[in-house]
Structure formats: structure tokens, C-alpha cells
Amino acid sequence: MIGDEFRTDDVPEGERFAYWHDRMCREMPGFSFLATGADGRAGSGFLAEELEIGLGGLWVASRRLSPMDIVRSSADTGDNAYQLLVPVEGTLYADWDGRTVVSRPGAVYFNDVTRLDTVGLRASDDRGHFHALTVDIPKDTLTLPTGSLGRLVGQDLPGDEGPGALLTGVVSHVLSSAAAYRPSDTARLGTAVLDLVHAYLAHQLESKTAAALDPEHRQHALLVRVVDFMRHRLADPELTPQQVADAHHISVSYLHRIFRAHTGGRETVAGWIRRQRLDHARRDLADPVLAAVPVHRIAARWGYTHAAAFTRSFRAAYGVTPREYRHGDPAASADGS
């Protein structure tokens with residue numbers, strides 16, 4: 001079985017809430033946790049059932065908890081991830097920039113933990129619990145425009161149809177079938193879930209900007225389409241800034257201008273394509289199922305037609321050759337940087 005499981009039933013009565021509280025304070029520094037019921041505060045009536053699975057750089061989890069409040073206690077939360085929270089049972093109340101967002105089953109709450117103030121987890125009745133699925137995504141793994149994502153953060157989004165239903169269904173299946181997977185499956189599952197997260201967020205961004213007519217909204221919508229276009233064509237060796245611009249009926253200079261705004265001038269279009277290709281190739285090289293696939297074929301899979309050029313780019317990015325990385329050269333860091 002993959003994943004880490006925790007149940008307060010395994011802790012002596014009277015110590016359950018205190019034990020879980022200490023555990024969560026280590027996982028979520030900067031927040032305090034307050035059980036709302038007398039039994040919960042005493043510990044004996046408190047319940048927490050959690051299953052958390054690491055999928056490459058992502059984390060998915062199922063959490064069933066007694067009702068509680070989660071309150072920011074300091075400015076430093078130590079978190080650099082977005083979270084998609086899917087209520088399964090009960091209601092979430094989140095204080096966000098001076099307003100309260102209410103999220104119930106059938107919705108997806110998209111949040112940035114570093115900006116949350118207070119979260120209330122409530123059961124559907126006096127004897128129930130709050131149950132939710134979560135997906136934690138490191139911010140640097142999302143290739144959608146940061147400025148555009150900011151328009152979704154802190155919002156209650158639809159999750160019961162289209163891309164939302166597909167994403168939540170896959171996450172639910174991964175969690176409920178954890179015993180069926182091997183540790184070697186986790187990176188591949190992470191890639192699949194990340195693709196679904198991108199598809200879901202891009203769909204929401206397009207829905208929210210479709211009716212907006214001002215230039216800023218149109219540019220955000222265009223940038224979302226551009227990034228999505230490039231992500232799905234990384235294997236095409238002919239993918240160039242000119243091809244991207246032509247596909248969106250804009251000039252190359254305008255493409256570079258909106259992309260500079262997206263990256264703060266830190267990366268070019270061609271540089272982004274190269275970095276994404278190398279990252280995908282790096283994951284393939286680390287996949288034991290692909291251990292017998294020659295390096296040049298993996299390079300070709302991600303748009304490199306010349307093996308020597310791939311080796312030079314890979315060494316420049318990660319400090320080792322593709323072959324050295326595949327065989328676990330100690331100079332290659334775990335995250336490939």
C-alpha cells in the first residue's frame with residue numbers, strides 16, 4: 001500500500017485531540033486547531049482519520065475530522081503550495097481577505113494556505129464529521145500564469161461536472177485504491193493528477209474571463225491558452241515561438257511581451273519549452289519501467305531530434321548527463337535542480 005494512514009482510534013482516549021493537535025502543528029506551522037465540541041476538547045470524543053499519499057511532487061489526502069476551527073496564529077506558515085479542497089461531507093467556512101467563503105459538497109475550494117486567516121469545519125448534523133479530499137500542489141509546478149491563478153484563489157469553484165468531476169473522481173479513486181498501487185506508480189499518478197489539475201484550472205480561468213472585455217482579462221485568457229497549447233505539444237520538435245504565435249494569430253513580439261509579463265522577465269518562451277521538455281525527460285529517466293528504453297528515444301519523446309543536443313542541455317540543467325542521472329549519480333539532486 002502507498003501512503004501514510006493515521007487514526008485517532010489508535011491513541012488512548014483522552015489524549016486523542018492533544019496528540020492530533022501536536023501532529024498538525026508540525027505539518028501546518030503558523031496555525032492553531034480548536035475542537036468546537038466539549039467531547040472533542042476533552043479528547044475522548046475527537047475523531048481524525050487521515051490517508052495522505054505523495055505522488056511525485058503532489059500530495060493527495062482524505063481527511064475525516066470532528067468539527068473544529070483552524071486559526072492563523074503567526075504570519076509564517078512555511079507553506080509554498082496551492083490546495084484544492086473538495087468537501088465530501090459537511091461544510092467549510094474560510095475567512096479570506098475580509099470575506100467568508102462557504103464550500104459544500106459538489107464544490108472545490110481553491111486556496112493558498114499562506115493567505116488564509118480562519119477555517120471552520122462543520123458537520124452536516126450534531127453527530128457527524130467533516131470529510132474532505134485535498135490536493136496540494138507546489139506553486140512552481142503549475143505552469144498557468146500566476147496572475148491569472150490569483151483570480152481563482154480563495155474562491156468556491158464548481159466540482160460536480162466536467163473537468164471538476166473528472167479530477168475529483170480520479171483523486172477519490174487513487175485514495176480509495178491505495179492498496180492496489182506500488183511505490184513506483186506514484187510519480188506516474190502524480191503526472192496524471194497534475195495534468196487534470198491544469199485542465200481544471202484552465203477551464204475555470206477561461207470560464208471566468210470569457211465574458212470580460214477589458215484588455216487585461218483578454219490577455220490573461222490568451223496566456224492561459226498559450227501555456228496550455230505548449231504543454232500539450234512538448235513532444236513536437238517543431239514547437240517554436242513562431243508556431244505558438246501563428247496558432248494564436250498574434251505576432252512573435254506580442255507573444256514574448258505577454259510571456260515576459262507572466263514570468264516577470266525571468267524566462268523566454270523558448271526557455272520555458274526547453275525547461276518543460278527536460279523536466280519530463282528527467283521523470284522518464286527516473287521511471288524504472290522505462291529503464292530499458294534508450295536515452296535517445298526518451299529524448300525524441302520530448303522533442304529532441306539530436307541526442308547530443310539533449311545531453312548538452314540536460315547536463316547544463318542538472319549537472320550530470322542523462323545516463324548518469326538514470327543510474328543514480330550522487331551529483332544529481334532528488335528534485336533535479
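**Exercise 1. Identify the residues with the most contacts inside the largest nonpolar core, and the helix that gives this core its largest share.**

Solution. The largest nonpolar core comprises 60 residues. Those with the most contacts inside this core are W20, I53, L84, F110, V197 and L201. Its largest share, nine residues, is supplied by helix α5 (residues 186-209). A second core, separate from this one, has 30 residues, including M230, L234, I258 and F259. The model is a predicted one.

**Exercise 2. List the contacts of I53, leaving aside neighbours within four places in sequence.**

Solution. Begin with the residues numbered below I53: the contacts include I2 and G3. Next come L58, W59 and V60. The list ends with V174, L175 and A178.

**Exercise 3. Locate the two partners of the salt bridge between E27 and R63, and decide for each whether the residue is buried or partly exposed.**

Solution. Step one is the distance: the closest N and O atoms of E27 and R63 are 3.9 Å apart, and the limit for a salt bridge is 4 Å. Step two is the location: E27 belongs to helix α1 (residues 16-27) and R63 to strand β4 (residues 58-65), so the pair, 36 residues apart, links distant parts of the chain. Step three is accessibility. R63 has a relative accessibility of 14% and therefore counts as buried, because buried means under 20%. E27, with a relative accessible area of 35%, is partly exposed.

**Exercise 4. Describe the salt bridge between R64 and E49, then name the network that holds both residues.**

Solution. The closest N and O atoms of R64 and E49 lie 3.7 Å apart. R64 is in strand β4 and E49 in strand β3 (residues 48-55), with their positions 15 residues apart in the chain. Both count as partly exposed, R64 at 26% relative accessibility and E49 at 23%. The network of salt bridges joins R7, D9, E49, R64 and E89.

**Exercise 5. Work out which parts of the chain are tied together by K139 and D112.**

Solution. The side chains of these two residues, K139 and D112, form a salt bridge with an N to O distance of 2.8 Å. K139 sits in the loop between β11 (130-138) and α3 (146-149), while D112 is in strand β9 (residues 107-112), so the bridge ties together parts 27 residues apart in sequence. For accessibility, K139 is partly exposed at 24%, whereas D112 is buried at 5%.

**Exercise 6. How many salt bridges does the structure hold?**

Solution. The total is 19 salt bridges. Among them are E27 with R63, R64 with E49 and K139 with D112.

Note on methods:
Residues numbered from 1 in each chain as written. Predicted model: local features only at pLDDT ≥ 70, side-chain atom pairs only at ≥ 80, totals over all residues. Heavy atoms only, no water. Helix = DSSP H or I, 4+ residues; strand = E, 2+ residues; numbered from the N terminus. Buried < 20%, exposed > 50% of the residue type's maximum accessible area, 1.4 Å probe, protein only. Core = buried A, V, L, I, M, F, W, Y, C linked by side-chain atoms within 4.5 Å. Contact = heavy atoms within 4.5 Å.
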